[in-house]
Amino acid sequence: MERRKFLEFSSLGLSAITFSSFKSSSPIRKPIVISTWDAGIEANKTAWKILSIGGSALDAVEKGVMVTESSQNCCVGLGANPDRDGFVTLDASIMDHQFNCGSVAFLERIKHPISVARRVMEKTPHVMLVGEGAQQFAVAEGFPLESDKLSNDAKKAYENWLKKSEYNPIINIERTKGNNAFAPPKLETGEWNHDTIGMVAMDANGNLSGSCTTSGMGFKMRGRVGDSPIIGAGLFVDNEVGAATATGQGEDVIRICGSHLVVEFMRQGLNPEMACKKAVERIIKAKGVEKSKQIQVGFIAINKQGDYGGYCIQKGFNFAVCYAEEKNFLVDGKFIL
Ligand code: SD4
(Lines give C-alpha, C1' and ligand atoms only; values in the text may rest on other atoms or scores of the structure.)
Protein backbone atom coordinates (compact mmCIF):
# COMPACT_ATOMS: atom_id res chain seq x y z
CA MET A 1 0.00 0.00 0.00
CA GLU A 2 1.25 3.46 -0.77
CA ARG A 3 2.59 5.38 2.20
CA ARG A 4 0.12 8.24 1.72
CA LYS A 5 -2.90 5.93 1.79
CA PHE A 6 -1.49 4.07 4.77
CA LEU A 7 -1.19 7.35 6.64
CA GLU A 8 -4.81 8.15 5.79
CA PHE A 9 -5.88 4.81 7.22
CA SER A 10 -3.68 5.37 10.26
CA SER A 11 -5.31 8.68 10.95
CA LEU A 12 -8.67 6.91 11.00
CA GLY A 13 -7.31 4.54 13.61
CA LEU A 14 -7.61 1.65 11.19
CA SER A 15 -3.96 1.02 10.60
CA ALA A 16 -3.36 -2.35 12.21
CA ILE A 17 -6.39 -4.24 10.95
CA THR A 18 -6.81 -2.57 7.61
CA PHE A 19 -3.15 -2.66 6.67
CA SER A 20 -2.82 -6.36 7.31
CA SER A 21 -5.90 -7.07 5.21
CA PHE A 22 -4.30 -5.19 2.30
CA LYS A 23 -1.09 -7.21 2.49
CA SER A 24 -0.32 -9.54 -0.39
CA SER A 25 -2.04 -12.88 0.15
CA SER A 26 1.15 -14.83 -0.54
CA PRO A 27 3.93 -14.14 1.93
CA ILE A 28 7.45 -13.73 0.61
CA ARG A 29 9.16 -17.10 0.33
CA LYS A 30 12.59 -16.54 1.82
CA PRO A 31 15.25 -17.60 2.13
CA ILE A 32 15.30 -19.53 -1.14
CA VAL A 33 17.99 -20.93 -3.40
CA ILE A 34 17.67 -22.52 -6.83
CA SER A 35 20.32 -23.96 -9.12
CA THR A 36 20.67 -25.64 -12.49
CA TRP A 37 20.62 -29.39 -13.12
CA ASP A 38 20.47 -32.23 -10.63
CA ALA A 39 23.92 -31.45 -9.20
CA GLY A 40 22.07 -28.45 -7.78
CA ILE A 41 20.55 -30.62 -5.05
CA GLU A 42 23.90 -31.08 -3.31
CA ALA A 43 24.94 -27.49 -3.97
CA ASN A 44 21.63 -26.21 -2.55
CA LYS A 45 22.18 -28.18 0.67
CA THR A 46 25.35 -26.25 1.40
CA ALA A 47 23.78 -22.95 0.34
CA TRP A 48 20.81 -23.70 2.59
CA LYS A 49 23.03 -24.26 5.64
CA ILE A 50 24.18 -20.67 5.23
CA LEU A 51 20.79 -19.17 4.38
CA SER A 52 18.94 -20.96 7.17
CA ILE A 53 21.06 -19.38 9.89
CA GLY A 54 20.69 -15.88 8.50
CA GLY A 55 23.80 -15.92 6.28
CA SER A 56 24.03 -13.80 3.16
CA ALA A 57 22.87 -14.86 -0.27
CA LEU A 58 26.35 -13.96 -1.52
CA ASP A 59 28.05 -16.47 0.81
CA ALA A 60 25.40 -19.05 -0.02
CA VAL A 61 25.84 -18.86 -3.80
CA GLU A 62 29.63 -18.97 -3.52
CA LYS A 63 29.82 -21.89 -1.08
CA GLY A 64 26.97 -23.71 -2.83
CA VAL A 65 28.62 -23.96 -6.24
CA MET A 66 32.00 -24.76 -4.67
CA VAL A 67 30.49 -28.16 -3.84
CA THR A 68 29.99 -28.78 -7.55
CA GLU A 69 33.42 -27.42 -8.44
CA SER A 70 34.93 -30.01 -6.07
CA SER A 71 32.76 -32.89 -7.23
CA GLN A 72 34.27 -35.75 -9.16
CA ASN A 73 30.88 -36.73 -10.57
CA CYS A 74 30.24 -33.59 -12.48
CA CYS A 75 31.80 -31.81 -15.40
CA VAL A 76 32.19 -28.56 -13.45
CA GLY A 77 35.67 -27.72 -12.16
CA LEU A 78 39.05 -29.28 -12.75
CA GLY A 79 37.67 -32.80 -13.26
CA ALA A 80 35.88 -31.63 -16.40
CA ASN A 81 36.48 -32.29 -20.07
CA PRO A 82 39.40 -30.34 -21.53
CA ASP A 83 39.54 -28.08 -24.54
CA ARG A 84 40.62 -29.56 -27.87
CA ASP A 85 44.28 -29.04 -26.94
CA GLY A 86 43.85 -31.11 -23.76
CA PHE A 87 43.63 -28.36 -21.12
CA VAL A 88 40.76 -27.73 -18.71
CA THR A 89 39.83 -24.04 -18.80
CA LEU A 90 37.23 -22.65 -16.41
CA ASP A 91 34.84 -19.68 -16.38
CA ALA A 92 32.88 -18.28 -13.42
CA SER A 93 30.95 -15.22 -12.29
CA ILE A 94 29.30 -13.89 -9.14
CA MET A 95 27.01 -10.92 -8.47
CA ASP A 96 25.59 -9.45 -5.28
CA HIS A 97 22.56 -7.32 -4.38
CA GLN A 98 24.31 -4.01 -5.07
CA PHE A 99 25.40 -4.57 -8.68
CA ASN A 100 28.85 -5.61 -7.52
CA CYS A 101 30.12 -8.37 -9.74
CA GLY A 102 33.27 -10.28 -10.56
CA SER A 103 34.27 -12.91 -13.05
CA VAL A 104 37.09 -15.00 -14.40
CA ALA A 105 37.42 -16.68 -17.76
CA PHE A 106 39.86 -19.07 -19.41
CA LEU A 107 41.29 -19.82 -15.97
CA GLU A 108 43.51 -22.88 -15.64
CA ARG A 109 44.66 -25.02 -12.68
CA ILE A 110 42.57 -23.31 -10.01
CA LYS A 111 40.07 -25.44 -8.14
CA HIS A 112 37.52 -22.78 -7.21
CA PRO A 113 37.07 -20.20 -9.97
CA ILE A 114 33.95 -18.91 -8.23
CA SER A 115 36.03 -17.78 -5.25
CA VAL A 116 38.53 -16.09 -7.54
CA ALA A 117 35.60 -14.30 -9.21
CA ARG A 118 34.50 -13.10 -5.78
CA ARG A 119 38.00 -11.81 -5.05
CA VAL A 120 38.00 -9.96 -8.39
CA MET A 121 34.74 -8.35 -7.26
CA GLU A 122 35.91 -7.50 -3.76
CA LYS A 123 39.59 -6.77 -4.16
CA THR A 124 40.06 -5.17 -7.57
CA PRO A 125 38.46 -2.19 -9.29
CA HIS A 126 37.58 -4.55 -12.19
CA VAL A 127 34.83 -6.94 -13.10
CA MET A 128 36.63 -9.52 -15.18
CA LEU A 129 40.08 -11.14 -15.33
CA VAL A 130 41.02 -13.75 -17.90
CA GLY A 131 43.64 -16.40 -18.64
CA GLU A 132 47.14 -15.99 -17.35
CA GLY A 133 46.32 -12.74 -15.56
CA ALA A 134 43.42 -14.33 -13.73
CA GLN A 135 45.66 -17.22 -12.69
CA GLN A 136 48.38 -14.82 -11.52
CA PHE A 137 45.83 -12.94 -9.45
CA ALA A 138 44.48 -16.17 -7.97
CA VAL A 139 47.95 -17.35 -6.96
CA ALA A 140 48.76 -13.93 -5.47
CA GLU A 141 45.55 -14.26 -3.44
CA GLY A 142 46.73 -17.58 -2.05
CA PHE A 143 44.81 -20.03 -4.24
CA PRO A 144 46.97 -23.13 -4.82
CA LEU A 145 48.05 -23.88 -8.38
CA GLU A 146 46.74 -27.39 -9.02
CA SER A 147 48.16 -30.00 -11.38
CA ASP A 148 47.11 -29.84 -15.03
CA LYS A 149 46.54 -33.60 -15.14
CA LEU A 150 43.13 -34.58 -16.46
CA SER A 151 40.74 -36.61 -14.30
CA ASN A 152 40.39 -40.26 -15.33
CA ASP A 153 36.98 -39.70 -16.91
CA ALA A 154 38.13 -36.60 -18.77
CA LYS A 155 41.27 -38.37 -20.00
CA LYS A 156 39.22 -41.23 -21.44
CA ALA A 157 36.72 -38.86 -23.01
CA TYR A 158 39.52 -36.79 -24.53
CA GLU A 159 41.34 -39.84 -25.90
CA ASN A 160 38.08 -40.94 -27.41
CA TRP A 161 37.52 -37.52 -28.95
CA LEU A 162 41.07 -37.44 -30.34
CA LYS A 163 40.36 -40.51 -32.47
CA LYS A 164 38.35 -38.34 -34.83
CA SER A 165 39.35 -34.88 -33.59
CA GLU A 166 36.29 -33.47 -35.31
CA TYR A 167 35.76 -29.88 -34.37
CA ASN A 168 32.09 -29.92 -33.62
CA PRO A 169 31.68 -28.58 -30.10
CA ILE A 170 28.42 -29.73 -28.73
CA ILE A 171 26.45 -28.70 -25.75
CA ASN A 172 24.91 -31.27 -23.45
CA ILE A 173 21.25 -31.90 -24.22
CA GLU A 174 20.08 -34.39 -21.62
CA ARG A 175 17.08 -35.45 -23.64
CA THR A 176 16.71 -39.01 -22.48
CA LYS A 177 19.46 -41.03 -20.91
CA GLY A 178 21.03 -43.27 -23.48
CA ASN A 179 19.67 -41.91 -26.74
CA ASN A 180 21.22 -38.54 -27.12
CA ALA A 181 23.36 -38.15 -30.17
CA PHE A 182 24.76 -34.85 -29.00
CA ALA A 183 26.10 -35.32 -25.49
CA PRO A 184 29.30 -37.20 -24.82
CA PRO A 185 28.51 -39.91 -22.25
CA LYS A 186 30.58 -40.18 -19.14
CA LEU A 187 32.53 -43.17 -20.31
CA GLU A 188 32.49 -45.44 -17.30
CA THR A 189 29.01 -44.90 -16.02
CA GLY A 190 27.18 -44.06 -19.22
CA GLU A 191 25.57 -41.11 -17.48
CA TRP A 192 25.33 -37.66 -18.94
CA ASN A 193 27.29 -34.84 -17.50
CA HIS A 194 26.45 -31.23 -16.90
CA ASP A 195 29.32 -28.85 -17.22
CA THR A 196 27.79 -25.83 -15.54
CA ILE A 197 26.06 -24.85 -12.36
CA GLY A 198 24.21 -21.55 -12.06
CA MET A 199 22.68 -20.61 -8.71
CA VAL A 200 20.52 -17.69 -7.53
CA ALA A 201 19.37 -17.07 -3.97
CA MET A 202 17.47 -14.68 -1.71
CA ASP A 203 18.51 -14.50 1.95
CA ALA A 204 16.45 -13.81 5.07
CA ASN A 205 17.04 -10.08 4.62
CA GLY A 206 15.49 -10.24 1.15
CA ASN A 207 18.80 -9.67 -0.64
CA LEU A 208 19.57 -11.48 -3.88
CA SER A 209 22.84 -12.86 -5.25
CA GLY A 210 23.90 -15.28 -7.98
CA SER A 211 26.81 -17.40 -9.16
CA CYS A 212 27.69 -19.41 -12.22
CA THR A 213 30.68 -21.70 -12.83
CA THR A 214 31.59 -23.96 -15.72
CA SER A 215 34.20 -25.81 -17.72
CA GLY A 216 32.39 -24.62 -20.84
CA MET A 217 32.01 -26.95 -23.79
CA GLY A 218 34.03 -30.13 -23.93
CA PHE A 219 36.78 -30.07 -26.61
CA LYS A 220 36.18 -26.41 -27.37
CA MET A 221 38.73 -24.25 -29.20
CA ARG A 222 41.49 -23.03 -26.94
CA GLY A 223 40.47 -19.66 -25.57
CA ARG A 224 36.75 -20.13 -26.16
CA VAL A 225 34.67 -18.44 -23.48
CA GLY A 226 30.94 -18.97 -23.03
CA ASP A 227 28.18 -17.04 -21.33
CA SER A 228 28.83 -18.12 -17.73
CA PRO A 229 31.45 -15.49 -16.83
CA ILE A 230 29.69 -12.72 -18.76
CA ILE A 231 27.52 -10.58 -16.52
CA GLY A 232 24.13 -10.14 -18.15
CA ALA A 233 24.51 -13.31 -20.21
CA GLY A 234 25.12 -16.24 -17.85
CA LEU A 235 24.12 -14.34 -14.71
CA PHE A 236 22.32 -11.20 -13.67
CA VAL A 237 20.98 -9.84 -10.39
CA ASP A 238 18.92 -6.72 -9.78
CA ASN A 239 17.95 -6.55 -6.13
CA GLU A 240 14.80 -4.56 -6.90
CA VAL A 241 13.49 -7.19 -9.29
CA GLY A 242 15.05 -10.64 -9.31
CA ALA A 243 17.96 -12.79 -10.36
CA ALA A 244 18.54 -15.17 -13.26
CA THR A 245 21.18 -17.55 -14.56
CA ALA A 246 21.64 -19.67 -17.66
CA THR A 247 23.01 -22.98 -18.84
CA GLY A 248 23.43 -24.52 -22.26
CA GLN A 249 24.88 -23.20 -25.48
CA GLY A 250 26.64 -20.07 -24.26
CA GLU A 251 27.00 -18.41 -27.64
CA ASP A 252 23.23 -18.20 -27.99
CA VAL A 253 22.79 -16.90 -24.46
CA ILE A 254 25.36 -14.17 -25.08
CA ARG A 255 23.63 -13.14 -28.33
CA ILE A 256 20.47 -12.13 -26.47
CA CYS A 257 22.07 -11.04 -23.15
CA GLY A 258 19.95 -13.84 -21.72
CA SER A 259 19.97 -13.46 -17.94
CA HIS A 260 19.63 -9.70 -18.12
CA LEU A 261 16.70 -10.17 -20.47
CA VAL A 262 15.01 -12.53 -18.02
CA VAL A 263 15.38 -9.96 -15.23
CA GLU A 264 14.01 -7.22 -17.50
CA PHE A 265 10.97 -9.39 -18.33
CA MET A 266 10.39 -9.82 -14.59
CA ARG A 267 10.66 -6.05 -14.19
CA GLN A 268 7.84 -5.76 -16.71
CA GLY A 269 5.70 -7.93 -14.43
CA LEU A 270 6.22 -11.46 -15.70
CA ASN A 271 6.70 -14.20 -13.14
CA PRO A 272 10.06 -16.04 -13.24
CA GLU A 273 8.81 -18.94 -15.33
CA MET A 274 7.21 -16.73 -17.98
CA ALA A 275 10.25 -14.45 -18.03
CA CYS A 276 12.50 -17.47 -18.69
CA LYS A 277 10.10 -18.69 -21.37
CA LYS A 278 10.18 -15.35 -23.18
CA ALA A 279 13.99 -15.37 -23.19
CA VAL A 280 14.04 -18.91 -24.62
CA GLU A 281 11.56 -17.77 -27.30
CA ARG A 282 13.90 -14.90 -28.14
CA ILE A 283 16.72 -17.38 -28.82
CA ILE A 284 14.53 -19.56 -31.00
CA LYS A 285 13.34 -16.51 -32.91
CA ALA A 286 16.92 -15.35 -33.48
CA LYS A 287 18.24 -18.76 -34.44
CA GLY A 288 15.29 -20.35 -36.18
CA VAL A 289 13.47 -23.49 -35.12
CA GLU A 290 15.59 -26.03 -37.00
CA LYS A 291 18.92 -24.80 -35.66
CA SER A 292 17.44 -24.40 -32.19
CA LYS A 293 16.62 -28.11 -32.19
CA GLN A 294 20.36 -28.79 -32.24
CA ILE A 295 21.05 -26.95 -29.01
CA GLN A 296 19.90 -26.63 -25.44
CA VAL A 297 19.55 -23.48 -23.36
CA GLY A 298 17.89 -23.32 -19.96
CA PHE A 299 17.20 -20.29 -17.79
CA ILE A 300 16.20 -20.23 -14.12
CA ALA A 301 15.08 -17.21 -12.09
CA ILE A 302 13.68 -15.98 -8.79
CA ASN A 303 11.90 -12.74 -7.98
CA LYS A 304 11.61 -10.66 -4.81
CA GLN A 305 8.52 -12.60 -3.73
CA GLY A 306 10.55 -15.79 -3.69
CA ASP A 307 8.69 -17.13 -6.73
CA TYR A 308 10.89 -19.32 -8.89
CA GLY A 309 10.80 -20.75 -12.39
CA GLY A 310 12.76 -22.10 -15.30
CA TYR A 311 12.34 -22.80 -19.00
CA CYS A 312 14.42 -24.45 -21.70
CA ILE A 313 14.50 -25.08 -25.43
CA GLN A 314 13.94 -28.80 -25.29
CA LYS A 315 13.06 -31.55 -22.86
CA GLY A 316 15.71 -32.74 -20.42
CA PHE A 317 16.67 -29.67 -18.42
CA ASN A 318 15.96 -29.63 -14.71
CA PHE A 319 16.76 -27.43 -11.74
CA ALA A 320 16.92 -27.79 -7.97
CA VAL A 321 14.78 -25.64 -5.68
CA CYS A 322 15.31 -25.33 -1.92
CA TYR A 323 13.38 -23.23 0.60
CA ALA A 324 13.50 -25.45 3.69
CA GLU A 325 15.75 -28.22 4.90
CA GLU A 326 13.19 -30.84 3.87
CA LYS A 327 12.21 -28.93 0.73
CA ASN A 328 15.09 -29.41 -1.71
CA PHE A 329 13.69 -30.92 -4.88
CA LEU A 330 14.17 -31.15 -8.63
CA VAL A 331 11.82 -29.45 -11.06
CA ASP A 332 11.67 -30.45 -14.73
CA GLY A 333 12.09 -27.38 -16.88
CA LYS A 334 9.18 -26.75 -19.22
CA PHE A 335 10.31 -26.67 -22.82
CA ILE A 336 9.30 -25.13 -26.12
CA LEU A 337 10.45 -27.49 -28.88
C1 SD4 B 1 29.00 -22.45 -21.83
N2 SD4 B 1 26.86 -22.23 -20.79
O3 SD4 B 1 30.21 -22.39 -21.63
C4 SD4 B 1 28.10 -22.96 -20.73
C5 SD4 B 1 27.96 -24.43 -20.87
C6 SD4 B 1 26.85 -25.10 -20.13
O7 SD4 B 1 25.83 -27.06 -19.44
O8 SD4 B 1 25.98 -24.50 -19.55
N9 SD4 B 1 26.78 -26.43 -20.13
O10 SD4 B 1 28.51 -22.14 -22.91
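Glutamate 141 is partly exposed, with a relative accessibility of 24%. The model under discussion is a predicted one, and this residue is a suitable place to enter it. Glutamate 141 makes a salt bridge with arginine 119, and their closest N and O atoms are 3.0 Å apart. Where do the two partners lie? Glutamate 141 sits in the loop between helix H6 (131-140) and helix H7 (152-164), whereas arginine 119 belongs to helix H5 (residues 113-123), so the bridge ties together parts 22 residues apart in sequence. Arginine 119 is also partly exposed, at 28% relative accessibility.

I turn now to aspartate 252. Is this residue buried or exposed? Aspartate 252 counts as buried, because its relative accessibility is 3% and the limit for that class is under 20%.

Aspartate 252 has a salt bridge with arginine 255, at 3.1 Å from N to O. These two residues are three apart in helix H8 (residues 250-255), which means that about one helical turn separates them. Arginine 255, in contrast to its buried partner, is exposed, with a relative accessible area of 58%.

Aspartate 252 also forms a salt bridge with lysine 287, where the closest N and O atoms are 3.1 Å apart. This pair links distant parts of the chain: aspartate 252 is in helix H8 and lysine 287 is in helix H10 (residues 272-287), 35 residues away. Lysine 287 is partly exposed, at 22% relative accessibility.

Finally, the wider picture. How many salt bridges does a search of the whole structure find? The search finds 17. Elsewhere, Asp59, Glu62, Lys63, Arg118 and Glu122 are joined into one network by salt bridges that share partners.

Note on methods
Residues are numbered from 1 along each chain as its sequence is written. This is a predicted model: local features need pLDDT of at least 70, side-chain atom pairs count only at pLDDT 80 or more; totals for chains, interfaces and linings use all residues. Side-chain values use heavy atoms; hydrogens and water are left out. A salt bridge is a side-chain nitrogen of Lys or Arg within 4 Å of a carboxyl oxygen of Asp or Glu. Helices (H or I, at least four residues) and strands (E, at least two) are DSSP runs, numbered from the N terminus. Buried means under 20% relative accessible area, exposed over 50%, partly exposed in between (1.4 Å probe, protein chains only).
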